[in-house]
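Me: I'm new to reading protein structures, and I'd like to understand where the labels come from. Could we go through this one together?

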Amino acid sequence: MKLHERVLFLDGKFQERPDVLEVVNPSTAQVLGHSVEGRASDIDEAVRIAQAAFEDKRWTGMDPLERTRTLGRAAELLRERADDFSAVMSAEMGMTLNFAAWMEVPMAASALDYFGTLIPQPGGVTAPFSLAGPQGEYFSMTVKQPVGVAGLITPWNFPLLMPVW
């Protein structure tokens, strides 16, 4: 697997940055490569790009079954490259190769498959609702809908599964 060094991936493009951090294999202390040390302006740019993507409806406006197929294809690609992902995770953060190959990658792929099955299903919960008037004429329903961009700091122990969730 080719590692891209000294670049951020923003808006579909690799962008070079001068400040880097060494990526060290915790088992061997070998330097594996270099990762960009992002700046506050990089975060601002990533949020701007994510918000634009959220608003442009390329994903949310896509046919639900096409979105299901897209997540299924992503799961398929993860499974096809499981050895590559497992090797990088093991070297980069010390996860055992067996754990990465038998747990982390399959769980991430399965999560993508599962979330894909939820897309075409209407979601929400119908709850009892009490209003003055004839019984059964009113109801209350909660619906889960995306609200926009979220910035997250995730734990290091599941580097592939956490972003999939």
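Me: Why are aspartate 42 and arginine 17 called buried or exposed, and which is it?

Reply: Both aspartate 42 and arginine 17 are buried in this predicted model. The word buried is used because a residue's relative accessible area is under 20%, and both of these residues count as buried.

Me: What makes aspartate 42 and arginine 17 a salt bridge?

Reply: Their closest N and O atoms are 2.8 Å apart. The cut-off is a side-chain nitrogen of Lys or Arg within 4 Å of a carboxyl oxygen of Asp or Glu, so the pair of aspartate 42 and arginine 17, at 2.8 Å, qualifies. As for the general idea, side chains of opposite charge can pair when their charged atoms come close.

Me: Which parts does that pair tie together?

Reply: Aspartate 42 sits in helix 1 (residues 40-55), while arginine 17 is in the loop between strand 2 (13-16) and strand 3 (20-24). The pair therefore ties together parts that are 25 residues apart in sequence. There is also a network here: salt bridges with shared partners join Arg17, Arg39 and Asp42.

Me: How many salt bridges does the structure hold?

Reply: The structure holds 10 salt bridges. One of them is between the side chains of arginine 58 and aspartate 56, at 2.5 Å from N to O.

Me: Why is arginine 58 called exposed?

Reply: Its relative accessible area is 61%, and exposed means over 50%, so arginine 58 earns the label exposed. Aspartate 56 comes out at 33%. Since partly exposed covers the range between 20% and 50%, aspartate 56 is called partly exposed.

Me: How do you know that arginine 79 and aspartate 113 form a salt bridge?

Reply: Check the distance again: the closest N and O atoms of arginine 79 and aspartate 113 are 2.6 Å apart, and the limit is 4 Å. This pair links distant parts of the chain, with arginine 79 in helix 2 and aspartate 113 in helix 4, 34 residues apart. Arginine 79 has a relative accessible area of 42%, so it is partly exposed. Aspartate 113 is partly exposed too, at 30%.

Me: Which residues of helix 2 are buried, and why do we say that they line one face?

Reply: The buried ones in helix 2 are Arg67, Leu71, Ala75 and Leu78. Looking down the axis of helix 2, these residues fall within an arc of 80°, so they line one face of the helix. Their cover includes helix 3 and helix 4.

Me: What makes aspartate 63 a cap for helix 2?

Reply: One of its side-chain oxygens lies 3.1 Å from the backbone nitrogen of leucine 65, at the N-terminal end of helix 2. A polar contact needs N or O atoms within 3.5 Å, so the 3.1 Å between aspartate 63 and leucine 65 fits that limit.

Me: How do you know that the span of helix 3 is close to what is expected?

Reply: Helix 3 (residues 82-93) has 12 residues and reaches 16 Å from its first C-alpha to its last. The expected span is 1.5 Å times one less than the number of residues, which for helix 3 is 16 Å. Within helix 3, Ala82, Ser86, Met89, Ser90 and Met93 are buried. Seen down its axis, the buried residues of helix 3 lie within an arc of 110°, so they line one face. What covers them includes helix 2 (64-80) and helix 4 (97-118).

Me: What comes after helix 3?

Reply: Glycine 94 follows helix 3, with a positive phi near 90°. Threonine 96 is in the loop between helix 3 and helix 4. A polar atom of the threonine 96 side chain lies 3.1 Å from the backbone nitrogen of phenylalanine 99.

Me: Why is threonine 96 called partly exposed?

Reply: Its relative accessible area is 49%, and the label exposed needs over 50%, so threonine 96 stays in the partly exposed class. Leucine 152, in the loop between strand 6 (140-142) and helix 5 (161-164), has 69% and is therefore exposed.

Technical notes
Residues numbered from 1 in each chain as written. Predicted model: local features only at pLDDT ≥ 70, side-chain atom pairs only at ≥ 80, totals over all residues. Heavy atoms only, no water. Helix = DSSP H or I, 4+ residues; strand = E, 2+ residues; numbered from the N terminus. Buried < 20%, exposed > 50% of the residue type's maximum accessible area, 1.4 Å probe, protein only. Arc of directions from axis to C-beta. Contact = heavy atoms within 4.5 Å. Polar contact = N/O pair within 3.5 Å; in protein donor to acceptor, adjacent residues only side chain to side chain.
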